Amino acid sequence: MAEADTSVRSTCPYCGVGCQIDLKVRNDRIYKVDAPFNIAPNFGRLCSKGRFGVDFVHHPSRLTQPLIRKDLGSKPRQPVGLEGFRPATWDEALDLAADRLAEIVQARGGDAIGTFCSAKATNEDNYIFQKFIRGVIGTNNVDHCARLCHAASVTGLQIAIGSSAMSNSIAEMKDLDMFIVTGSNTTETHPVISTFLREAIVNHGAKMVVVDPREIELCQFAELWLRPTAGTDVAVFQAMAQVIVSENLVDRDFLRERVENFENYRLEISDSTPEWAEAISGVPAADIRTAARLYAQANQAAIYWGMGISQSVHGTDNALSLSNLALLTGNLGKSGSGLNPLRGQNNVQGCSDSGGLPNVFPGYQLVTDDEIRTKFERDWGVLLNPQEGLTTMEMVDAAERGAIQAYFVMGENPMMSEPDLRHARHVMEDLDFILVQDIFLNETGEYADILLPAASFAEKSGTFTNSDRRVQLIRPAVPSPGQARADWEVLCDLAVRVEQRLGRESSAGFSFTSPAEIWDEMARLTPPFQGITYDRLERESGVHWPCPTPDHPGTPYLFTDTFPRGKGQLVSLDYNPSAELPDDEFPFILSTGRVLYHWHGGTMTRRSKLDDIYPEPTVEIHPLDADQLGVQAGDWIQVRSRRGQIRVRTLVTERSPQGMVFIPFHFAEAAANELTMDVRDERAKIPDYKVCAVAVEPLAE
Amino acid sequence: MTPEPITITIDGQQISVSPEVTLMQAIASIGQDTPVICFHEATTSEGLCRLCVVEVEGWRTLAPACVTKVADEMVLHTDSERVRRARRTILEMLSSAVDLSEAPAIQQQIDDYQADPERFPEAHRRTQPILDDNPFYVRDYEKCVLCWRCVQACGDDLQFTYALSLGGRGYETKIATFFNAPMPETTCVFCGNCVAVCPTNALKGKTEFYLDQGMDYDQIRLQRRRQQKSSSQDKKNG
Amino acid sequence: MEPEITNAAQYEQYLDSVRSHGRTMLLPALIAAQQSFRHISPETATAVSKALKVPLADITGMIEFYTMLKIEPVGETHIAVCTSPVCAAKQAHQLLHEMSANAAPGVTTEAVACLGLCDHAPAVLVNDRQVGSVTPKTDLSSANGRVQSRLHGEERMLTQWCEEDVEHTLENFLECGGFQGLRAALEHSPDEVIETVKQSGLRGRGGAGFPTGTKWEGAAQASGHPKYLVINQDESEPGTFKDRALLLGDPFLILEGILIAAYAIGAEHGYFYIRGEYPFAQQVLNHTITQARQAGYLGQRILGREFNFELEIRSGAGAYICGEETALFESIEGKRGFPRIKPPFPTTHGLFGRPTVINNVETIVNIPLIFKIGVDHYRSMGSPAAPGPRLFSLSGSVVDPGVYEITTPVTLRQLIYGLGGGIPNGRKLQAVLLGGAAGKFVPPEKLDLLLTDEALRPLGLSVGSGAVMVYDDQVDLRLVLSSLADFFAHESCGKCYPCQLGTQRQAEITHRMLAGQVLTGDLDRLQDVGWTMTDASLCGLGQTASHAILSAVELWPELIVEPDPKQVRS
């Protein structure tokens with residue numbers, strides 16, 4: 001019987017639930033993952049990724065030494081595999097990187113560099129990253145993939161209430177009375193959260209309304225399943241709001257005390273009847289009424305949503321249509337009741353919290369606010385750029401125009417995650433310099449000039465902040481392979497080298513010896529973190545921010561008394577159709593998303609046992625459509641859009657409605673984003689991954 | 001509101017406890033362990049293994065300490081001859097039915113109660129083939145002691161996925177899937193929460209399984225690449 | 001009871017009709033499928049799962065728990081041969097062997113636990129037709145399928161109007177004074193009715209003997225709503241068949257008792273759980289309920305009062321354990337029949353977690369009588385500890401097997417030799433198994449024991465469900481013990497370890513006894529297993545599973561002779 005040499009408590013590196021895990025190590029290998037039963041947020045529960053999917057850590061294709069592209073300087077840049085790189089020492093690689101970055105800063109200014117920090121790296125890694133970019137490179141061009149997932153939720157919630165995180169904790173879920181799940185296939189994307197939602201239904205009699213075009217697993221547990229045509233969510237939620245207003249199901253006290261713009265809103269919404277919504281969405285008006293009543297009349301009602309809401313050309317409107325419902329009914333600001341965008345990555349909350357965004361320092365302190373900027377300038381001892389930086393997609397645009405000449409990508413894979421990949425690749429081809437820091441060579445790394453090998457989550461210390469704002473520790477369990485180093489260490493080393501080349505008289509401060517020291521600096525400058533220390537995290541296993549003082553217990557649910565913007569705002573909305581609708585040539589709606597056994601660009605899960613159970617790219621197609629096309633389950637078929645085409649295997653199922661196909665975006669060999677379209681929500685700048693038009697064609701054998 | 005404590009006697013020692021605790025908790029409060037197999041903090045106690053039985057004065061039968069609540073002036077004997085005989089016999093019968101080689105806690109109990117694992121010669125054992133039908137874990141039900149925890153974990157206690165049920169009946173009770181289909185053809189989502197609560201390694205992660213077979217990590221990795229080829233087709237119709 | 005179903009479309013229609021009830025219709029739906037298709041296919045199971053929202057795996061769990069449900073199809077003619085202790089003593093195993101060896105195409109056979117036809121041993125069930133006193137030569141196709149039990153008794157109070165071979169109509173029942181007890185009871189408040197039942201001293205006749213009035217009071221006073229009344233006719237205790245005789249003999253009387261009970265405890269919904277091996281009795285019951293409903297004795301405002309009550313029939317499907325009250329609830333709830341941990345007790349947390357009274361059929365038949373003749377008269381019958389008339393199921397080696405109503409306590413000798421006509425063919429009495437499989441053996445020397453709780457309890461004996469199984473000197477008692485042990489091993493639900501493991505180990509030892517291959521230490525093993533089951537099992541099944549066997553080896557040590565006593569473990 002295998003016995004563990006050590007057992008190391010850590011935080012799962014996959015989705016935003018932030019499960020606490022015990023890594024069982026034998027001979028410097030993780031051979032088993034357990035979970036403590038008495039600790040939030042997962043209380044012993046794990047999903048297949050957390051339990052069986054961390055073996056990527058030991059995959060032989062981990063990057064183990066710094067690598068430099070052999071054909072350095074030749075253009076257009078071609079993607080290359082490992083054979084296209086030569087090994088280098090850390091000194092050589094970092095000096096070369098520092099030379100190139102300093103040259104560009106001196107020649108074109110810091111704004112000529114676009115940088116991507118990482119929702120997978122720790123808060124400490126990301127803090128150092130943005131400190132380096134802002135304090136040394138001198139630009140606010142810092143963004144990460146939150147832009148591609150919840151930017152619309154963030155923007156919408158900022159408008160409505162002035163805060164954008166999940167308002168409630170995962171621990172509150174099992175005691176809910178009623179909740180709505182929309183645009184989230186929670187069982188596959190946040191599996192452990194889904195268990196708590198099902199627990200609320202099965203063991204506590206909660207009622208759930210699912211609003212989703214796909215027949216997701218949760219539908220089996222639903223009191224009511226509304227199935228709108230993809231992209232018509234706003235109409236459904238508007239109509240629910242109309243029912244709540246017209247049937248006087250509003251929370252009068254809440255509206256009076258905590259909400260503004262009700263009178264206007266009431267007038268403008270009066271035409272948005274369930275019948276109107278039925279005509280748009282196909283959801284029966286009677287069901288919309290029932291759903292509205294269920295939501296409005298429950299004591300504790302929450303809304304959970306995912307990418308189906310935010311990754312839309314009208315994602316901000318989608319989010320606002322949900323915040324309107326909560327504000328009308330007062331389902332906000334109490335235990336279990338609130339607005340909850342489920343975050344997709346282990347530290348997407350923390351990366352944003354730590355300043356991984358182009359407009360804010362850590363803790364969402366605006367870079368354009370003089371007082372705030374002065375605080376950081378004083379602390380770091382440097383002058384800071386007062387201009388907001390560019391978002392992910394804007395950086396692509398800027399690179400295309402030549403305004404950006406270099407990319408620095410840490411732990412992200414834009415060459416899988418951005419829409420319209422053909423276009424994105426084209427942009428990469430012409431950049432002057434690309435620096436990539438990662439644990440594997442992925443589709444983005446193939447374009448790099450220099451590849452820096454990073455330590456994985458299992459090889460370093462730090463903190464992740466999960467979807468419900470709980471800051472939790474990770475701890476080193478196994479040694480890094482080869483010369484791989486923790487991101488923060490590499491960043492500090494690189495930053496000092498760049499500072500030297502730029503002739504900085506004093507350093508902005510990169511002489512950290514541990515992530516704990518980095519956390520202390522970030523907490524000092526970030527009021528909501530000030531009460532959180534590593535000692536406390538060790539003791540309490542996790543703390544929900546905001547936590548302003550050492551004796552503050554942390555905040556599992558937000559907005560008990562007030563909203564960050566003061567009063568909540570009801571926002572009138574118009575329904576707008578999707579940007580690209582099916583036509584004769586491209587008769588299907590394509591929706592993209594995740595499956596249980598894979599995660600994001602597949603960099604980790606495709607190098608894990610998980611790939612054994614789901615090894616190939618698939619397309620979900622309705623049996624009637626399959627019949628009409630003459631394709632059988634398991635056939636390879638081609639899916640084509642105006643932007644590209646991919647080959648995938650058919651999965652014949654009634655999960656997606658007729659006329660819609662669903663493709664997971666994890667498979668590099670058939671990247672769904674070859675098909676998607678770079679069309680963005682105006683306010684949030686998030687691309688629409690959920691609705692575009694495609695043709696589905698059988699392949700000749 | 002905390003209810004008034006009550007007084008009970010455990011092996012001659014009078015103690016004061018909350019009326020809401022179980023006998024097991026009361027016994028634990030004086031620093032004494034109660035042997036038990038089926039109990040787990042995360043799953044519902046169903047009083048299955050009966051190893052935790054104790055003698056309550058005035059009761060006709062022994063009381064399972066994991067699920068019996070204390071009552072005022074209860075007098076308990078946790079180590080009487082009746083208790084020891086029941087515990088010993090249960091362990092002996094279990095030893096004659098299943099493979100306990102990877103259940104160190106039960107082996108310890110066997111030692112503690114001087115149970116003879118060979119007590120029942122010519123006993124019909126619940127011999128079953130090892131089920132190796134998915135990339136993540138192996139099911140060796142010859143080691144299954146029917147503690148129900150995997151079924152509970154898959155169902156209403158942890159996962160709410162319901163891929164498992166109890167099948168068969170009586171001595172032939174077993175863990176079943178729908179028409180005993182291989183796991184990839186069931187509603188199983190391979191969360192492994194069942195593996196985590198298994199007390200006897202009847203459910204074991206594949207890496208651990210291979211390690212126990214003496215493979216090194218590189219061999220283990222190749223092992224699963226080979227499997228991929230044969231299993232890739234299965235999932236397609238899922 | 002269900003509409004005739006012959007194809008999948010009709011079955012889907014049936015599922016549609018029960019869909020809204022959810023999981024509680026699971027066992028009925030599976031039984032309907034079994035009857036229609038002779039097995040339950042994965043496709044059928046999937047349809048059931050969808051319709052009733054029951055996880056797929058749980059359906060397999062159900063099929064494998066209830067022996068009348070099959071994964072593999074049975075033949076067009078399926079013969080279930082009873083092998084329980086009375087039938088076993090009458091060569092049932094040989095009968096089964098010959099029937100399966102000579103089975104025609106399309107005929108399948110199987111050994112089953114007690115069919116409740118012990119007074120007609122050996123007995124079989126051919127599809128849904130009962131046939132008794134079977135020999136290999138019996139023409140099974142010509143039997144009418146209804147086995148009647150003879151009713152006896154010098155003074156018949158409970159069984160006064162019992163008549164088996166007639167069609168029972170409400171008119172007849174009313175003509176014979178039916179519902180007088182109900183009318184009398186309804187003159188009183190529910191509390192007063194309960195008080196009367198308490199005064200009567202009636203104790204449950206299912207085996208455990210709990211005071212009925214106290215049980216009613218507990219449920220009536222419990223806070224949950226709604227409240228349920230459940231009638232337990234999962235009469236599966238080997239040697240017991242009195243409840244079948246009552247149902248076939250006077251079904252409306254049972255209904256009358258049910259109505260009084262429902263009124264007293266405030267239940268508006270009741271379930272009548274009847275074992276699957278009693279198909280004809282189910283028809284009779286169904287017919288009775290239909291008539292009663294049409295005449296307004298079930299439904300809203302019964303007899304013009306503020307009293308509403310509906311009664312639903314639920315069939316078992318081959319699981320003795322479902323006679324255990326909480327296992328029976330689980331079964332109605334659509335689950336495997338696992339007994340629950342008690343407390344909490346059914347009176348507060350019963351069916352669907354609500355306050356529930358569950359009564360045996362014989363118990364419930366006593367109720368109208370109490371209200372008809374009054375407490376004083378009632379208490380003059382029986383014994384002070386257990387007043388009222390009492391039914392005994394007499395079977396085995398007696399001239400006159402059948403159901404005996406006893407109003408004035410008799411001894412075993414009087415019952416067997418006086419009323420039952422003695423041992424046939426001039427044989428000698430060898431042993432009596434008193435109280436069913438869960439009871440104990442009584443030797444011929446103890447025949448003058450009075451069959452009352454007062455007389456039996458000091459000897460560790462009990463009337464139990466009133467089963468009296470008589471064995472003559474030709475019977476190999478080791479065969480009887482082995483059959484008993486097989487019965488418990490087969491019927492153990494498998495929930496708690498002592499019973500799950502112990503019934504198997506006990507059966508193995510009795511097999512060795514029967515084969516004459518007893519091992520050194522087997523007596524000690526048998527006793528440790530038996531005492532552990534008695535002391536540590538979760539429910540009454542395990543707690544009594546060794547009683548008969550241990551009592552036999554104590555009375556007749558020669559049944560288990562070890563080869564070398566010196567090596568017996570001390």
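**Chain contacts and the domains of chain C**

In this predicted model, 42 residues of chain B are in contact with 38 residues of chain C. Of the 2 pairs of chains that touch, chains B and C share the most contacts. Chain A and chain C, by contrast, do not touch.

**The side of chain B that touches chain C**

- Two elements of chain B, α2 (81–95) and β7 (165–167), each give two or more residues to the side that touches chain C.
- The element that gives the most to this side is α2(B), with 7 residues.
- By residue class, the side of chain B that touches chain C consists of 22 nonpolar, 13 polar and 7 charged residues.

**Chains A and C**

- The nearest C-alpha atoms of chain A and chain C are 8 Å apart, and the two chains do not touch.

**Domains of chain C**

- The domain assignment divides chain C into domain 1 (8–65), domain 2 (77–131), domain 3 (154–379), domain 4 (390–467) and domain 5 (477–567).
- Between domain 2 of chain C and domain 5 of chain C, the C-alpha centres are separated by 25 Å.
- Domain 2 of chain C gives 6 residues to the contact between these two domains, and domain 5 of chain C gives 7 residues.
- On the side of domain 2 of chain C that touches domain 5 of chain C, 4 residues are nonpolar, 2 are polar and none is charged.

Terms used:
Residues are numbered from 1 along each chain as its sequence is written. Chains are lettered from A and ligands numbered from 1 in the order in which they are written. This is a predicted model: local features need pLDDT of at least 70, side-chain atom pairs count only at pLDDT 80 or more; totals for chains, interfaces and linings use all residues. Domain bounds come from an automatic or database domain assignment. Ala, Val, Leu, Ile, Met, Phe, Trp, Tyr, Cys and Pro count as nonpolar, Asp, Glu, Lys and Arg as charged, and the others, Gly among them, as polar. Helices (H or I, at least four residues) and strands (E, at least two) are DSSP runs, numbered from the N terminus.
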